[in-house]
Amino acid sequence: MTLLIALTLFVLAVFLGMELISKVPATLHTPLMSGSNAVSGITLIGALVSAGTDHSTLTTLLGFVAVVLATINVVGGFLVTGRMLSMFSSGGRKRS
Amino acid sequence: MSAADVTSVAYLVAAILFIFGLKGLGRPRTAPRGNLLGASGMLVAILATLLDRSIVDFRVLVAGLVVGSAIGAVLAVRVQMTEMPQLVALFNGFGGGASVLVAGASFLMVVDEGLVDNQLAIAAALTALIGVVTLTGSLVAFAKLQEVLSLGGFRGQGVLRAVMAVVAVAAAVMVVVSPADTGWFWLLVGAGGLLGILGTVAIGGADMPVVIALLNAFSGLAASTAGFVLDNPLLIIAGSLVGASGVILTQIMCTSMNRSLFDVVFGSMATGGVVADADEVYGDRVTSTSAEEVAMILEVAERVVIVPGYGLAVAQAQHAVRDLMRTLNDAGVEVVFGIHPVAGRMPGHMNVLLAEAEIDYECLLDMDQVNPTFAQTDVTIVIGANDVVNPLARTDPDSPIAGMPILNVDESRTVVVIKRSLGAGFAGIPNPLFAADGTLMLFGDGKKAVLDVVAALLNS
């Protein structure tokens, strides 16, 4: 990727993110935040490459710790978001 | 197709899933599916990455995935809903920390191979700085919210913070000028880490929603800049989507508190203005009431609005409030909740706490929805909220909270305020609402007071 293409992706994704989020009702702000937080754990795929590459002990160690931290972020983030959202929907179902 | 092509296509699929996932999270009905789409996108991305040719040893990698999944799952299942802000802060911090380590490892590899260029060095320096500030800032926010440490500002904090910022910027410049000396990179990480601590340590509890939203934006941004280091489009896209959403939430929180981001991070509460004397405001005009009297007023009401504040969560009164709502509904009284954007410790926190108590989200109205309805409301019950219902924000341009958007509860016919005492809220100012003609004060613990009212309603 050239720098220009990378920057293009960056800017377009920022605009897209703003469009996607700006109309979310306040009720969903907490699950939205924890869910989007889980998505930011995408850095995990970089960590996997660092941990699995046979370069030096230091880079493998850094990669391993990064995999652990990012996985906590991803797995914990999606699970806890699901937990919160299940409470929202069950409340809705009981009334209707 | 080569393995690299398969990975690229899979990353595109993952990016699309993330976009639909975030879109889904925007509506209550589609939110659970949105979350699943996001998780599927992550799974696709992980599986595609495992095809990468440069991965030669899967043992370390699997060990990391297993350990991380176990810790993440335990944290997610065990957490209480009241502790959600600190958990999200912690996860944010871990994401930021992972980005620093990924950028560090990748930077070291490229330096060893002698292939480093300015673009990569700049991206690595940015990731290190943003990521490590996210990590240590989030850990401080976690410690403060969990109340494991009572942290506060100290003398010379501002100076130290400025010094650290200069050191961090200087180190970042040196990373770019002289990338082969990797010591600069680690100096940058160290200085950035201290900067994150110094930047968050003095921020008060009321400002936590802003801090968490901001750190959320930072964790996304760190993932995005890590994408520039790794030359990975999926990291750039997903990271900036999250970064943008974090920025928007930060903006919403700042507007709701009438505070600029600068004030939250650098200043304390606005100090200007004349703070009225509490005795002068309250005098002997405060009317105290009993649970029985409140029950009598509620019985003849047609529409009741409940305004919860963080005090409700502290008193663990969510379920008691739900009982009150059901008792009133059974008696034919319409009940809705009016929720200020900063009612909890993070954006939307109060809604989650009430949803946990099985209160339908359709009954949870935000400020813009509920404010026009107060004039047609018979009784408004304020529980554990103070500054967000203080009419001084509207009427007194000299007040520290002047201009802050508030819930106009004083427009309803009767206001019942359930509160332990006449003590001030975060803003430290008296609230004329408590002494207003239509206001009755029900002093006591939030949970007990609400249960007393329910009992009185059932007995009558």
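## Second largest cavity

By residue class, the lining of the second largest cavity in this predicted model holds 5 nonpolar and 6 polar residues, with no charged ones. The volume of this cavity is about 50 Å³. Chain A contributes G35(A), S36(A), V39(A) and F78(A) to the lining. From chain B come F18(B), G21(B), L22(B), L25(B), G34(B), N35(B) and G38(B).

Three helices each supply at least two residues of this lining: α2 (29-39) of chain A, and α1 (3-24) and α2 (31-49) of chain B.

## Largest cavity

Across the whole structure, a search finds 2 cavities of 30 Å³ or more. The largest has a volume of about 100 Å³. It is lined by 16 residues, and those closest to its centre are A26(A), I339(B), H340(B), P341(B) and N351(B). Two elements, α15 and β3 of chain B, give two or more residues to the lining. The largest share, 3 residues, comes from α15(B).

In the lining of the largest cavity, 8 residues are nonpolar, 7 are polar and 1 is charged. A probe the size of a water molecule, rolled over the atoms, shows where empty space is left.

## Chain B overall

Chain B contains 18 helices and 6 strands. Along the principal axes, its C-alpha atoms fill a box of roughly 80 × 50 × 35 Å. The chain has 460 residues, of which 56% count as buried.

Among contacts in chain B between residues at least 6 apart in sequence, those joining residues at least 24 apart make up 78%.

## The sheet

Chain B carries an open sheet of 6 strands in the order β3-β2-β1-β4-β5-β6, and the pairing is parallel. At its edges are β3 (364-366) and β6 (439-443) of chain B, each of which pairs on one side only. From one strand to the next, the twist averages 25 degrees. Strands of a sheet pair through backbone hydrogen bonds, in either a parallel or an antiparallel arrangement.

At one edge, strand β2 (residues 334-339) of chain B pairs with β3(B) in the parallel sense over 3 bridges. Here G338(B) stands opposite L365(B) of β3(B). At the other edge, strand β5 (residues 414-419) of chain B and β6(B) are joined in the parallel sense over 5 bridges. V415(B) has T439(B) of β6(B) as its bridge partner. Although β6(B) is an edge strand, 4 of its 5 residues are buried, so β6(B) is largely enclosed by the rest of the structure. The cut-off for buried is under 20% relative accessible area.

## Helices on the sheet

Which strands does helix α14 of chain B touch? Helix α14 (residues 318-330) packs on the sheet and touches β1 (303-308), β2 and β4 (379-383) of chain B. Its direction makes about 145 degrees with that of β2(B).

Helix α15 (residues 349-356) of chain B lies across β1, β2 and β3 of chain B. The angle between α15(B) and β2(B) is about 145 degrees. Both α15(B) and the edge strand β3(B) also appear in the lining of the largest cavity.

Methods. Residues are numbered from 1 along each chain as its sequence is written. Chains are lettered from A and ligands numbered from 1 in the order in which they are written. This is a predicted model: local features need pLDDT of at least 70, side-chain atom pairs count only at pLDDT 80 or more; totals for chains, interfaces and linings use all residues. Side-chain values use heavy atoms; hydrogens and water are left out. Two strands pair if DSSP finds at least two bridges between them. Axes are lines fitted to C-alpha atoms, for helices over the stretch in contact, and angles run from 0 to 180 degrees between N-to-C directions. Contact means heavy atoms within 4.5 Å. On a 1 Å grid over the protein atoms alone, a cavity is a set of points where a 1.4 Å probe fits but cannot get out, and a pocket is an open set with protein on both sides within 12 Å along at least five of seven lines; lining residues have an atom within 4 Å of a point. Grid points are joined across faces, edges and corners, and a volume is the space filled by probe spheres set on the points. Ala, Val, Leu, Ile, Met, Phe, Trp, Tyr, Cys and Pro count as nonpolar, Asp, Glu, Lys and Arg as charged, and the others, Gly among them, as polar. Buried means under 20% relative accessible area, exposed over 50%, partly exposed in between (1.4 Å probe, protein chains only).
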